[in-house]
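Here is a brief report on a protein model. It covers pockets, cores and a sheet.

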Amino acid sequence: MRQAVQWKLLTSNPLDAVKPPRVAKTEVNFLDKTETAILLSFLEGKADYPIILLAVTTGMRRGEVLGLRWCDVHLDAKGKNGKPDPHLRVTQNMTCLKGMAIPKEPKTASSRRRISLPSMTVETLHKHRAEHAAVRLQLGLGRDPNDLLFTDHKGAAIIPSTLSRRFSRTIEALDIPHVSIHGLRHSHITQLLMEGVPIKVVSERAGHSSIVMTLDKYGHVVPDMQQNAAEVIDAQLRKALAEHADN
C-alpha cells in the first residue's frame, strides 16, 4: 500500500488508520532435565534416538535436524589451542512440498550458525555414522548423494511431519509433559537459561536474530534466576567481609 502511494496509484494508505491486533503471548512448553532423561532413556537403541538427542542438545529446529549433512558435521575438529572442538553448521532446512522432503537454505542469516556439540552427542553421531553406512551398504544403496545424517528405511530424506507423528506417539507412551518435537528446542533453550548460561550464547545457539528475541520468548525463565543471583552476591560479599575482618 505504501508503494502504491509512492507510485501515485493511491492518494493515501488506507492501512494507516488500522490498528493491528496484538499477538497473545503463549506459555512455552518444555521438558526439564529429569523429563528429558526419561525421554532419552526410552528411545535409546531405537532409530529416532540420534535425532532426538541432537534436538535436545543443540536446540535445532525440526527441519534443521533433518536437513543436516555430514559435510556440515565436524566431530573430530580441534580448536586453535589444539583442544577438541566438535561442532556442526546449520546450512539448510528440510521442508515438505507436495508430500516430498525438500532441502532449502535457512530463511535468515542468523539461522545459518555454528553450534558446539557435547561429548555424548559426538559419541552417538560417531556410532550412528557407522550404522548408517552399514545399513545403506546392506540395502545396496551406496553413498547418499544428499549426504544426509538421517534418512528413512529406504534411504530417502525424512518428511518433517512424519517425524512429528512418530515423536507424538513416543511422548504419549511416557509419563512426561506432552510436548511437540519443537518443544525439544524450547527445552534446550530454557534449560540453558536456568543453568545460567549467558543469554547471548543461548541466543546464538538458537539462531535468534538478537537477544531481544530470546528474552521476549523466554523471559519468563529469568525471574526464576533472580534468587540465585541474590544468593551469589550474598555469598561473595560475606566472604569478602570475612576476609577483610581477618586482615
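In this predicted model, 26 residues line the largest pocket, and K46, A47, P50, H128 and E131 lie nearest its centre. Two elements, α3 and α5, each give two or more residues to that lining. The biggest share comes from α5, with 9 residues.

The second largest pocket has 16 lining residues; R61, N93, P106, K107 and S111 are the closest to its centre. Here α4 and β3 (93-97) each supply at least two lining residues.

| Pocket | Volume | Nonpolar lining residues | Polar lining residues | Charged lining residues |
|---|---|---|---|---|
| Largest | about 610 Å³ | 10 | 7 | 9 |
| Second largest | about 300 Å³ | 2 | 9 | 5 |

Next, the cores. The largest nonpolar core has 38 residues, and L39, I52, L54, L88 and L184 have the most contacts inside it. At least two core residues come from each of α2 (33-43), α3 (49-58), α4 (62-66), α5 (119-138) and α6 (160-172). The top contributor is α3, with 7 residues.

Which residues does L54 touch, leaving out those up to four places away in sequence? They are G59, M60, V65, L68, L88, L117, T121, L125 and F150. Another core, of 8 residues, lies apart from the largest one; I189, L192, A206 and Y218 are among its members.

Last, the sheet. Three strands form an open sheet in the order β1-β2-β5, with antiparallel pairing. Its edges are β1 (73-74) and β5 (114-116), and each pairs on one side only. Strand β2 (residues 87-89) is joined to β5 by 3 bridges. One bridge pairs R89 with R114 in β5.

Terms used:
Residues numbered from 1 in each chain as written. Predicted model: local features only at pLDDT ≥ 70, side-chain atom pairs only at ≥ 80, totals over all residues. Heavy atoms only, no water. Pairing = 2+ DSSP bridges. Helix = DSSP H or I, 4+ residues; strand = E, 2+ residues; numbered from the N terminus. Core = buried A, V, L, I, M, F, W, Y, C linked by side-chain atoms within 4.5 Å. Buried < 20%, exposed > 50% of the residue type's maximum accessible area, 1.4 Å probe, protein only. Contact = heavy atoms within 4.5 Å. 1 Å grid on protein atoms, 1.4 Å probe; cavity = no way out; pocket = protein on both sides within 12 Å on 5 of 7 lines; lining within 4 Å. Points joined across faces, edges and corners; volume = space filled by probe spheres on them. Nonpolar A, V, L, I, M, F, W, Y, C, P; charged D, E, K, R; others polar.
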